[in-house]
Amino acid sequence: MLAVTAPAFLSGAAEAGSAHTARTGHPAQAVRTVQAAPAAPAARASKTAVIERWTTRTPAPGVTVRSGVVLRPAAKHSWTVTVQAPSKTRWTSNDPDAPVSWAEAATHGWAQDTAHKLTQAGLKPRVESVRWPQYADTPQGLMGYRVRIGRFATQEEAKTAASAVVAAGFHTTLSWTGYDIQEPADRENIHVAVIDPKTFQGRVEATHDGNVARRETTSAVARKLNSLVAVNGGFFVLASGDGVPGTMSGLGAYQGEMESMAAGSRSALLIGNGGHSVRIADLTSGATARSGKAAYQIQGINRVPGTVRDCGRPGSTPSELPWQDVTCQLADDMVQFTTAFQAGLPTGPGVQAVLNASGQVVSVGARGGRVPAGGHVLQGIGRAADWLRAHAKPYSRVQVDEAVRTAAGKRVVLDAGDSIVSAAPTLVKDGRIDIDAAAEGVVDPEYTSFGYAWANVRQPRTLAGVDKRGRLILATVDGRLTGGSEGFTLYEAAAFMKSLGAVQAMNLDGGGSTAMAVDGTLANHPSDTAGERPVGDTVQVLPAGY
């Protein structure tokens, strides 16, 4: 497994090689250039040399931001043509970051047969083995074999070569070998922010910018809030076919209020008391509507009834377990809408009850309209609609009880200064790399194509961690060759966060969503061709008194 190391001055270790420090026009900003000294004999140094260049600035006491470029000059990559194996799939998706229904790795028999046919067609295939990353809950060792053809300097050359493979009757994709875990990345553009609650006088909070049914870019929210540092947060709905765009597809809480529910038990960043206490834990959530002695389980907050992005709710099909980028269905579903849902309510079959701030039923009728100021709305379909018709009578009261719990069942009490963002999976636990990729639904050992590119190929990533001193670590790495950067696999992301001293770490939303803003200015280079992607929620580091 390839090593991923943190900047020496971040981990507290001695700096390797030469270091130059210079003052710049930015107050309290130091520019450092670090070239890692090779730890191997000269004969091996050319293959292992790593050059790191880092700049450091301090937006406020207790907040340090380090931006770096990690280079491996000896790494040589190329474009290649990968032959895709037919793969079974049990989901559909409208997400541009979602996995495809073709597999890169398949059986040895498929690989040998494919290589033979390609050779007969006058092509020169090569067969490569693909191994499972070191996840805590997936098989170890060999995953399968892939078939590739050629090494090309440009993507256009690879595209031309692929046409001959397609003509031979095969499905192909173009691959950059620098995304493969088997090879070292030649460039990584990284940003790391460390927030020390013992010295930082401001606050840290997760926010959906007041409207959970709207998307905003990380940097736009940062400018609005006069933020020192900001990163994108958790998973959210992108396409209308999967729900209301902008709404979270996992647990989200802002200013102590739960505004979306968990997709099964998944990793979450808990920001307590305005950032003075931070931790990472697998969390679940639940809610119950009560009218007298009658009760009904609420399965969603601020989402379309019957549509469950990332699955993970009791009764959802085809899976009650979390499945990344999969939209499940619920036939009998009750959803609560809060005042944070500032858009038209979903319409369709079923019924809704409008409640005031004290839980008194104001009206019962068809779904639609808007959430009243200070009130909330319950929508039901299937049996949930029957329950509302029977128990949510005008002028009666319906009480809603909510709970967030750890995987061990301990209740998490939310106060006004608390917030939660969630994604998946856990990367570091108790100071050790511990990636529960299958349990959190980002890979599936039974269907190796599921999540392959999402998890096992280098991608842009946004990461959160906590070190043994209680400091919050927020990090991004650019990917998809944006600015030449190739990104991290999930395992590399875990190794990097551990190298920073994180004793707990998790993966936040990544891909085209990855963004970090410093002093309101976008610091990284997002991978979407349209530029910075509007996202659901964000994590904002706010100055004192704001």
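## Close-up views of a predicted model

**Figure 1. The lining of the second largest cavity in the predicted model.** V130, R131, P133, M143, R146, Y179, D180, I181, Q182, Y452, N456 and V457 line this cavity. It encloses about 80 Å³ of space. Three elements, β7 (125-131), β8 (142-152) and α7 (452-456), each supply at least two residues of the lining. By residue class, the lining divides into seven nonpolar, two polar and three charged.

**Figure 2. The largest cavity and the residues nearest its centre.** The structure holds five cavities of 30 Å³ or more. The largest cavity contains about 160 Å³ of space. Its lining is made up of 23 residues. Of these, M248, S249, R303, V308 and R309 lie nearest the centre. The lining includes 10 nonpolar, nine polar and four charged residues.

**Figure 3. Strands at the wall of the largest cavity.** The largest cavity has a lining of 23 residues. The elements that give two or more residues to that lining are β18 (300-301) and β19. Strand β19 gives the most, with four residues. Strand β19 spans residues 307-311 and also carries C311, a partner in the disulfide of the next view.

**Figure 4. The disulfide between C311 and C328.** A search of the whole structure finds one disulfide. The sulfur atoms of C311 and C328 lie 2.0 Å apart. The torsion about their S-S bond is about 85 degrees, so the disulfide is right-handed. C311 sits in strand β19 (residues 307-311) and C328 in strand β20 (residues 322-329). The pair therefore ties together parts that are 17 residues apart in sequence.

**Figure 5. Burial of the two cysteines.** Buried residues have under 20% relative accessible area. C311 has 1% relative accessibility, so C311 counts as buried. C328 has 0% relative accessibility, and therefore C328 counts as buried.

**Figure 6. Helix α8 and the residue G501 that follows.** Helix α8 covers residues 490-499. Eight of its 10 residues are buried, so the helix is largely enclosed by the rest of the structure. The buried residues are L490, Y491, E492, A493, A494, A495, F496 and M497. G501 follows α8. The phi of G501 is positive, near 95 degrees.

Technical notes
Residues numbered from 1 in each chain as written. Predicted model: local features only at pLDDT ≥ 70, side-chain atom pairs only at ≥ 80, totals over all residues. Heavy atoms only, no water. Disulfide = S-S within 2.5 Å. Buried < 20%, exposed > 50% of the residue type's maximum accessible area, 1.4 Å probe, protein only. 1 Å grid on protein atoms, 1.4 Å probe; cavity = no way out; pocket = protein on both sides within 12 Å on 5 of 7 lines; lining within 4 Å. Points joined across faces, edges and corners; volume = space filled by probe spheres on them. Nonpolar A, V, L, I, M, F, W, Y, C, P; charged D, E, K, R; others polar.
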